[in-house]
Amino acid sequence: MTAQAESHYPEESGGLLLASLEGDVITVMSLYPLTNVREDARHNRIEINPLDYAKAERIASQRGLGVWGFYHTHPNA
């Protein structure tokens with residue numbers, strides 16, 4: 001996450017948390033970085049392409065995982 005945030009600074013960046021669920025425990029197994037497709041206000045807003053989200057769900061499912069969260073930056077916070 002840190003490397004992604006640094007490489008996209010000063011714009012917002014983010015992605016999805018691919019994780020497993022066993023009982024009440026969610027274990028994040030990998031990150032799925034997403035491209036910020038927002039045209040304006042990229043310094044404080046992020047928008048993801050729904051097709052990228054669908055692709056991440058498909059990849060997670062193939063790995064026996066699910067999409068269990070979203071992360072994003074606050075570049076100057």
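## Overall layout

Read from start to end, the chain follows the pattern α-β-β-α-β. The model is a predicted one. Its secondary structure comes to two helices and three strands. The helices are α1, at residues 2-8, and α2, at residues 50-62. The strands are β1, at residues 14-22, β2, at residues 25-34, and β3, at residues 66-72.

The C-alpha trace spans about 40 × 25 × 20 Å along its principal axes. The protein has 77 residues, and 30% of them count as buried. Its accessible surface comes to about 5200 Å², with 52% of that area belonging to carbon and sulfur atoms. Among contacts between residues at least 6 apart in sequence, 59% join residues at least 24 apart.

## The sheet

The three strands form an open sheet in the order β2-β1-β3, with antiparallel pairing. β2 and β3 stand at the edges, and each has a single partner strand, so one side of each is left without a neighbour in the sheet. From one strand to the next, the twist averages 30°. In general, the strands of a sheet pair through backbone hydrogen bonds, either parallel or antiparallel.

β1 is mostly covered, as seven of its nine residues are buried.

## Pairing of the strands

β1 and β2 run antiparallel and are joined by nine bridges. Among the bridge partners in β2 are L31 for L17, S30 for L18 and T27 for S20. The two strands form a hairpin with two residues between them. In the turn of this hairpin, G23 has a positive phi of about 65°.

On its other pairing, β1 is joined to β3 by six bridges, and these strands also run antiparallel. One of the pairs places G14 opposite H72, its bridge partner in β3.

## A buried loop residue

S13 sits in the loop between α1 and β1. The residue counts as buried because its relative accessible area is 3%, and the cut-off for buried is under 20%.

Which residues does S13 touch, leaving aside those up to four places away in sequence? They are Q4, A5, H8, I46, Y71, H72 and T73. Of these, Q4, A5 and H8 fall within the residue range of α1, while Y71 and H72 fall within that of β3. H72 is also the β3 bridge partner of G14.

## A loop residue after β2

A41 lies in the loop between β2 and α2. With a relative accessible area of 27%, A41 is partly exposed. A41 and E12 are 29 residues apart along the chain, and their C-alpha atoms are separated by 9.1 Å.

## A nonpolar patch at the surface

Which residues make the nonpolar surface patch of about 260 Å²? The patch is made by M1, V28 and L31. V28 belongs to strand β2, and L31 is the β2 residue that bridges to L17.

V28 has a relative accessible area of 44%, so the residue is partly exposed. This value also fits the patch, because patch residues need over 30% relative accessible area. The strand that holds V28, β2, is one of the two at the edges of the sheet.

Definitions and conventions. Residues are numbered from 1 along each chain as its sequence is written. This is a predicted model: local features need pLDDT of at least 70, side-chain atom pairs count only at pLDDT 80 or more; totals for chains, interfaces and linings use all residues. Side-chain values use heavy atoms; hydrogens and water are left out. Patches are made of residues with over 30% relative accessible area and no salt bridge: like charges are joined within 9 Å, nonpolar side chains (Val, Leu, Ile, Met, Phe, Trp, Tyr) within 5 Å. Accessible areas come from the Shrake-Rupley method with a 1.4 Å probe; for residues, only the protein chains shown count as cover. A salt bridge is a side-chain nitrogen of Lys or Arg within 4 Å of a carboxyl oxygen of Asp or Glu. Helices (H or I, at least four residues) and strands (E, at least two) are DSSP runs, numbered from the N terminus. Buried means under 20% relative accessible area, exposed over 50%, partly exposed in between (1.4 Å probe, protein chains only). Two strands pair if DSSP finds at least two bridges between them. Axes are lines fitted to C-alpha atoms, for helices over the stretch in contact, and angles run from 0 to 180 degrees between N-to-C directions. Contact means heavy atoms within 4.5 Å.
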